[in-house]
Structure formats: C-alpha cells, structure tokens
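Please open the structure in a viewer and keep the sequence panel visible. The tour below proceeds by selection, with a short account of what is found at each stop.

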Amino acid sequence: MHELGIVFYVIKEAEKVCKENHLTHVSKLTLEVGEVSSIVPSYFRDCWKWAVERSEYMKGCVLDLVVLKAITYCQDCKKTYSTVEHGKKCPYCGSERTYLATGNETLIKSIEAS
Ligand SMILES: [Zn+2]
C-alpha cells in the first residue's frame, strides 16, 4: 500500500495549499515522480481516483503524472547516465562509485484550484 500512502500525503499537501490561499476546490494536480521512486503509475491512479472522492477539496481532481528520468552520477569519471538502463555500474568507466542524482523524488509541480 505504498502508493496509497503517497496519495494521501499529496492530497493533504494540496488541501493545505487550498486552506492557506482560501481556495475551495482543486481541479487538476501535476505530480512529478522519479522513474525509480517505486511508484506504479497505474496503481497510483487507481488509488488517486478512490482517495480524491473522499476529500471535499479534491473531488474529481484530475491527476497529471509526470515521470522524471532517473540519472546516476559517477564519482570516478564525473559522467551521468540513465539509471534504469545501466544500474549501479558506470557504462563509461565501469566504476561502481556511483549515486542516484535524480529519479527518486515525489514532487507536487503545480495545482489548479479555485
Ligand atoms: Zn564512470
């Protein structure tokens, strides 16, 4: 139930923005998720549909899910490469002294509210 936890978190954040700005309804929310953030988009959408109907602020809110490419940085040759394609091992120099630079985030990019 990893996705549902994130859905609830996102809804709570969006509700907070509404309250702070005296808005009453969110019609669209754009969420950026990293490629390796372990979110399953189809399952996430199902959780979303179910959860927004239970929120006064979020009823019928459209979810725009943007998947960000995961990028790994190599500390030995200072190059970056696609994490999903090559994993932990640098395709340029073979080093495993690498770390995930982007691709693990969950970020509310924008909301449309009134
Ligand atoms: Zn390298």
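In which loop is S38 found? Select S38: the residue is in the loop between β1 and α2. The model is a predicted one, and in it S38 has a positive phi of about 70° although this residue is not a glycine. S38 is partly exposed, because its relative accessible area is 48%.

**Second stop: H22**

Move next to H22, in the loop between α1 and β1. H22, although not a glycine, also has a positive phi, of about 55°. With a relative accessibility of 73%, H22 counts as exposed.

**Third stop: the nonpolar core**

Select L29, L31, F44, W48 and M58. Among the 21 residues of the largest nonpolar core, these are the ones that touch the most other members. The elements contributing two or more residues to this core are α1, β1 (26-34), α2 and β2 (62-68). Which element gives the most to this core? Helix α1 does, with seven residues. As a general background, nonpolar side chains in soluble globular proteins tend to be buried together.

Now keep W48 alone and display its surroundings. Leaving out residues up to four places away in sequence, W48 touches V7, V10, I11, L29, M58, C61, V62 and L63.

**Fourth stop: the aromatic pairs**

How many aromatic pairs does the model contain? The count comes to two. For one of them, select F8 and W50: this pair is edge-to-face, with 6.3 Å centre to centre and 70° between the planes. The assignment follows because planes over 60 degrees apart count as edge-to-face. F8 belongs to helix α1 (residues 2-20) and W50 to helix α2 (residues 41-52), so that the pair links distant parts of the chain, 42 residues apart. F8 is partly exposed at 41% relative accessibility, and W50 is likewise partly exposed, with a relative accessible area of 42%.

Then select Y73 and Y99. Their ring centres are 5.5 Å apart and their planes lie at 55°, so this pair is tilted. Y73 is in strand β3 (residues 71-74) and Y99 in strand β5 (residues 98-102), and the pair therefore ties together parts that are 26 residues apart in sequence. Y73 counts as partly exposed because its relative accessible area is 23%; Y99 is partly exposed as well, at 42% relative accessibility.

**Fifth stop: a charge over a ring**

Select K79 together with Y92. The charged end of K79 sits over the ring of Y92, 4.8 Å from the ring centre.

**Sixth stop: the zinc site**

Select the zinc ion and show its donors. Which protein atoms serve as donors? They are the SG atoms of C74, C77, C90 and C93, lying 2.3 Å from the zinc ion. Along the chain, the donors follow the spacing C-x2-C-x12-C-x2-C. The four donor atoms subtend angles of 104 to 113° around the zinc ion, which makes the arrangement tetrahedral. For reference, the ideal angle for four tetrahedral donors at a metal is 109.5 degrees.

Within this site, highlight C77 and C93. C77 is in the loop between β3 and β4 (80-82), whereas C93 is in the loop between α3 (83-86) and β5; the pair links distant parts of the chain, 16 residues apart. C77 is partly exposed at 26% relative accessibility, and C93 is partly exposed with a relative accessible area of 40%.

**Seventh stop: E32**

Select E32, which is found in strand β1. Is this residue buried or exposed? E32 is buried, because its relative accessible area is 13%. Apart from residues up to four places away in sequence, E32 touches V66, L68, E105, T106, L107 and K109.

**Last stop: S114**

Finally, select S114, in the segment after β6 (106-113). S114 is exposed, with a relative accessible area of 57%. When neighbours within four places in sequence are set aside, S114 is in contact with L23, T24 and H25. To close, draw a C-alpha to C-alpha distance from S114 to G5: these residues are 26 Å apart in space and 109 residues apart in sequence.

Technical notes:
Residues are numbered from 1 along each chain as its sequence is written. This is a predicted model: local features need pLDDT of at least 70, side-chain atom pairs count only at pLDDT 80 or more; totals for chains, interfaces and linings use all residues. Side-chain values use heavy atoms; hydrogens and water are left out. Rings of Phe, Tyr and Trp (its six-membered ring) pair if their centres lie within 6.5 Å; planes under 30 degrees apart count as stacked, over 60 as edge-to-face and the rest as tilted. Helices (H or I, at least four residues) and strands (E, at least two) are DSSP runs, numbered from the N terminus. Buried means under 20% relative accessible area, exposed over 50%, partly exposed in between (1.4 Å probe, protein chains only). A charge sits over a ring if NZ of Lys or CZ of Arg is within 6 Å of the ring centre and within 35 degrees of the ring normal. A nonpolar core is a set of buried Ala, Val, Leu, Ile, Met, Phe, Trp, Tyr and Cys residues joined through side-chain atoms within 4.5 Å. Contact means heavy atoms within 4.5 Å. Donors are N, O and S atoms within 2.8 Å of the metal (3.2 Å for Na, K and Ca); water is not among the atoms, so sites may look incomplete. Four donors count as tetrahedral if all angles lie between 85 and 135 degrees; four count as square planar and six as octahedral if opposite donors are over 155 degrees apart and all others between 65 and 115; anything else is irregular.
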